[in-house]
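Visitor: Please show me the model, and let me ask what stands behind the terms used to describe it.

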Amino acid sequence: MTTEHDEVDRIVVAWGTQRPDLDFSPLEVLSRVDRLSRHLDRARREAFRRSDLEPWEWDVLSALRRAGEPYQLSPKQLLQQTLVSSGTMTNRIDRLVARRLVSREADPDDGRSVLVTLSDDGRIRVDAAITRLVDAEAALLGALPRTDRERLAGLLRKLSLSFDA
């Protein structure tokens, strides 16, 4: 039986030779996650580019789309979902309004507040981008059968939750 080796295996072996006093098993996991993250970043940027969206635009528009009809959220809700500062969010909303991907509307429940609403063009672009993104991500995971994907997702969820605790 032949075992395939990737670049991380070669790196770990080289470090193990140079520093046999250290346990390099974390690199075997997290260096692969880092390398896969780079492939994912490229695939995402391409999916967004093909929909004429910047990654930051995707963050805002996808939050609005996921909210469901009428596809609107307050700036505060957008802040919570995108984890940017309020000044950054104001700038992003301004730029999206200028591109006619969103509009600002008075909140009918609070005249002092506004709601950001996804435009038809914004919805079309974000829907195209998510379709491309799902296809690209499925291709990235193509080497894994569904059961392995589910197992990996569960392990990554467990690791992720340990940071949120």
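Guide: The following exchange sets computed values against their definitions.

Guide: This is a predicted model, in which local features need pLDDT of at least 70 and side-chain atom pairs count only at pLDDT 80 or more, while totals for chains, interfaces and linings use all residues. Residues are numbered from 1 along each chain as its sequence is written, and side-chain values use heavy atoms, with hydrogens and water left out.

Visitor: How many helices and strands does the protein have, and what makes a run of residues one or the other?

Guide: The protein has seven helices and three strands. Both are DSSP runs numbered from the N terminus: helices are H or I over at least four residues, strands are E over at least two. From the N terminus on, the elements follow the order α-α-α-β-α-α-β-β-α-α.

Visitor: Why is the pair of Trp15 and Phe24 called stacked?

Guide: The structure holds two aromatic pairs. In the pair of Trp15 and Phe24, the ring centres are 6.2 Å apart and the planes stand at 25°, so the pair is stacked. By definition, rings of Phe, Tyr and Trp (its six-membered ring) pair if their centres lie within 6.5 Å; planes under 30 degrees apart count as stacked, over 60 as edge-to-face and the rest as tilted.

Visitor: Why is the pair of Phe48 and Trp58 described with the word stacked?

Guide: Its ring centres are 4.9 Å apart and its planes at 20°, so the pair of Phe48 and Trp58 is stacked. Phe48 lies in helix α2 (residues 25-50) and Trp58 in helix α3 (residues 55-66), so this pair ties together parts that are ten residues apart in sequence.

Visitor: Which of the words buried, exposed and partly exposed applies to Trp15, and which to Phe24?

Guide: Buried means under 20% relative accessible area, exposed over 50%, and partly exposed in between (1.4 Å probe, protein chains only). Trp15 has a relative accessible area of 43% and is therefore partly exposed. Phe24, with a relative accessible area of 11%, is buried. Phe48 and Trp58 are both buried. Of the 165 residues of the protein, 24% count as buried.

Visitor: Where does Ile130 lie, and how far is its C-alpha atom from that of Phe48?

Guide: Ile130 lies in helix α6 (residues 120-140). The C-alpha atoms of Ile130 and Phe48 are separated by 8.4 Å, with their positions 82 residues apart along the chain. Ile130 has 34% relative accessibility, so Ile130 counts as partly exposed.

Visitor: What makes the three strands an open sheet, and which are its edge strands?

Guide: The strand order is β1-β3-β2, with antiparallel pairing. The edge strands are β1 (72-73) and β2 (102-107), each of which pairs on one side only. Two strands pair if DSSP finds at least two bridges between them. β1 and β3 have two bridges, whereas β2 and strand β3 (residues 110-118) have six. Among the bridge partners, Glu105 is matched with Leu115 in β3, and Arg104 with Val116 in β3. Leu73 also stands opposite Val116. β2 and β3 form a hairpin with two residues between them.

Visitor: What is notable about the backbone at Asp52 and Leu83?

Guide: Asp52 has a positive phi of about 55° although it is not a glycine, and Leu83 likewise has a positive phi of about 55° without being a glycine. Asp52 lies in the loop between α2 and α3; at 44% relative accessibility, Asp52 counts as partly exposed. Leu83 is in the loop between α4 (75-82) and α5 and, with a relative accessible area of 75%, is exposed.

Visitor: Which residues does a cis peptide bond join?

Guide: The bond joins Glu69 and Pro70, with omega of about 10°. Pro70 is found in the loop between α3 and β1.

Visitor: How does the radius of gyration of the protein stand against that of a compact globule?

Guide: The protein has 21 Å, whereas a compact globule of 165 residues would have a radius of gyration near 15 Å. The radius is taken over C-alpha atoms, and the globule rule is 2.2 Å times the number of residues to the power 0.38. Along its principal axes, the C-alpha trace spans about 65 × 30 × 25 Å.
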